[in-house]
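Student: Could we go through this protein together, one question at a time? I would like to see how each answer is reached.

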Amino acid sequence: VPIPTFPWKWVLRILSTLLGIGVLGLYTVRYLRQAWYRYLSHGKGLKAAKALYRLLLLELASEGYPLKPPSLTPLEFTQALKENPFQANEDSHGKVQRAVPHTSKPERLLKNVFNLEVYLERFAALYTELCYRSRISEQEREEKVNEMRTLYTSIRNRIRRKGVLPCIVRALSLRGLRYSW
């Protein structure tokens, strides 16, 4: 009488397919969210400002900067980055990760961090003003959103590391998924 064997190949095939679909789903969510915010950022008013802010947080996360805790306002988060831009985070395994990407020229990095702080502070101030100022003319609102767009581009260009490996790391990063908006 033949002894029935467990279909290991079939089970492994199903598990690997489910794992692949899950990973593909995570990247789909990441890139669809980023594309949606990019689309909204070209609009007008407060919606565009919120989309620019969320895009900026996603960019900072994918470059390895600390994630913004939900309890901090944009200005408080900028202040926390300003006080300690080299803050190290501990992951769940106790390993220390760099909050700011490493470079061989610390003086250049300090200069970039200083300029980045100024841009981040202005971006956060504009965002806070647009969100909480009750009376603002349409023209002034559009001027502030356009300034936020310019600042977003400047900040993104300053935080992006050059090279193939950083580009791959940035493309494969799922850190921004921790934000739940």
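Student: Where is Leu174 found?
Tutor: Happy to help, and keep in mind that we are looking at a predicted model. To place Leu174, look along the chain beyond helix α6. Leu174 is found in the segment after α6.

Student: Is Leu174 buried, partly exposed or exposed?
Tutor: Buried means under 20% relative accessible area and exposed means over 50%. Leu174 has a relative accessibility of 27%, so Leu174 counts as partly exposed.

Student: How far apart are the C-alpha atoms of Leu174 and Ser62?
Tutor: Along the chain, Leu174 and Ser62 are 112 residues apart. In space, the separation between their C-alpha atoms is 7.2 Å.

Student: Leaving aside neighbours within four places in sequence, which residues is Leu174 in contact with?
Tutor: Contact here means heavy atoms within 4.5 Å. With the sequence neighbours set aside, the contacts of Leu174 are Leu26, Tyr27 and Arg30.

Student: Let's follow Arg30, then. Which helix is Arg30 found in?
Tutor: Look for the helix that covers residues 8-41. Arg30 is found there, in helix α1.

Student: Which side chain of opposite charge is nearest to Arg30, and how far away is it?
Tutor: Arg30 is buried yet has no salt bridge. A salt bridge needs a side-chain nitrogen of Lys or Arg within 4 Å of a carboxyl oxygen of Asp or Glu. For Arg30, the nearest side chain of opposite charge is Glu59, at 7.0 Å.

Student: Which side chain does the side chain of Arg30 make a polar contact with?
Tutor: Although Arg30 has no salt bridge, its side chain does make a polar contact, at 2.5 Å. The partner is the side chain of Tyr31.

Student: At what angle do α1 and α6 pack?
Tutor: Two packed helices are described by the angle between their axes and the distance between the axes. For α1 and α6, the axes are 10 Å apart and the angle is about 100°. That makes α1 roughly perpendicular to α6. The contact is made by Tyr27, Arg30 and Tyr31 of α1 with Arg170, Ala171 and Leu172 of α6, at that packing angle of about 100°.

Student: How do α2 and α5 compare: at what angle do their axes cross?
Tutor: The axes of α2 and α5 come within 10 Å and cross at roughly 10°. That makes α2 roughly parallel to α5. Residues that meet across this pair include Leu52, Leu55 and Leu56 in α2 and Val145, Met148 and Ile155 in α5. The crossing angle is roughly 10°.

Student: How many salt bridges does a search of the whole structure find?
Tutor: One of them joins the side chains of Glu63 and Arg161, at 3.1 Å from N to O. A search of the whole structure finds eleven.

Student: How many residues apart in sequence are the parts that Glu63 and Arg161 tie together?
Tutor: These two side chains meet in a salt bridge. Glu63 lies in the loop between α2 and α3, and Arg161 in the loop between α5 and α6, so the parts that the pair ties together are apart in sequence by 98 residues.

Student: Which of the three classes does Glu63 fall into: buried, partly exposed or exposed?
Tutor: Its partner Arg161 counts as partly exposed at 28% relative accessibility. Glu63 has a relative accessible area of 2%, so Glu63 is buried.

Student: Which helices hold Glu129 and Lys144?
Tutor: Glu129 forms a salt bridge with Lys144, with the closest N and O atoms 3.5 Å apart. The pair ties together parts that are 15 residues apart in sequence. Glu129 lies in helix α4 and Lys144 in helix α5.

Student: By about how many helical turns are Glu138 and Arg141 separated?
Tutor: Glu138 forms a salt bridge with Arg141, the closest N and O atoms being 3.2 Å apart. The two residues are three apart in helix α5, so they are separated by about one helical turn.

Student: To finish, what order do the elements of the protein follow from the N terminus on?
Tutor: The secondary structure comes to six helices and two strands. From the N terminus on, the elements run α-α-α-β-β-α-α-α.

How values were computed: Residues numbered from 1 in each chain as written. Predicted model: local features only at pLDDT ≥ 70, side-chain atom pairs only at ≥ 80, totals over all residues. Heavy atoms only, no water. Helix = DSSP H or I, 4+ residues; strand = E, 2+ residues; numbered from the N terminus. Buried < 20%, exposed > 50% of the residue type's maximum accessible area, 1.4 Å probe, protein only. Lys, Arg positive; Asp, Glu negative; His and termini not counted. Polar contact = N/O pair within 3.5 Å; in protein donor to acceptor, adjacent residues only side chain to side chain. Axes fitted to C-alpha atoms, helices over the stretch in contact; angles between N-to-C directions. Parallel < 35°, antiparallel > 145°, perpendicular 65-115°, else oblique.
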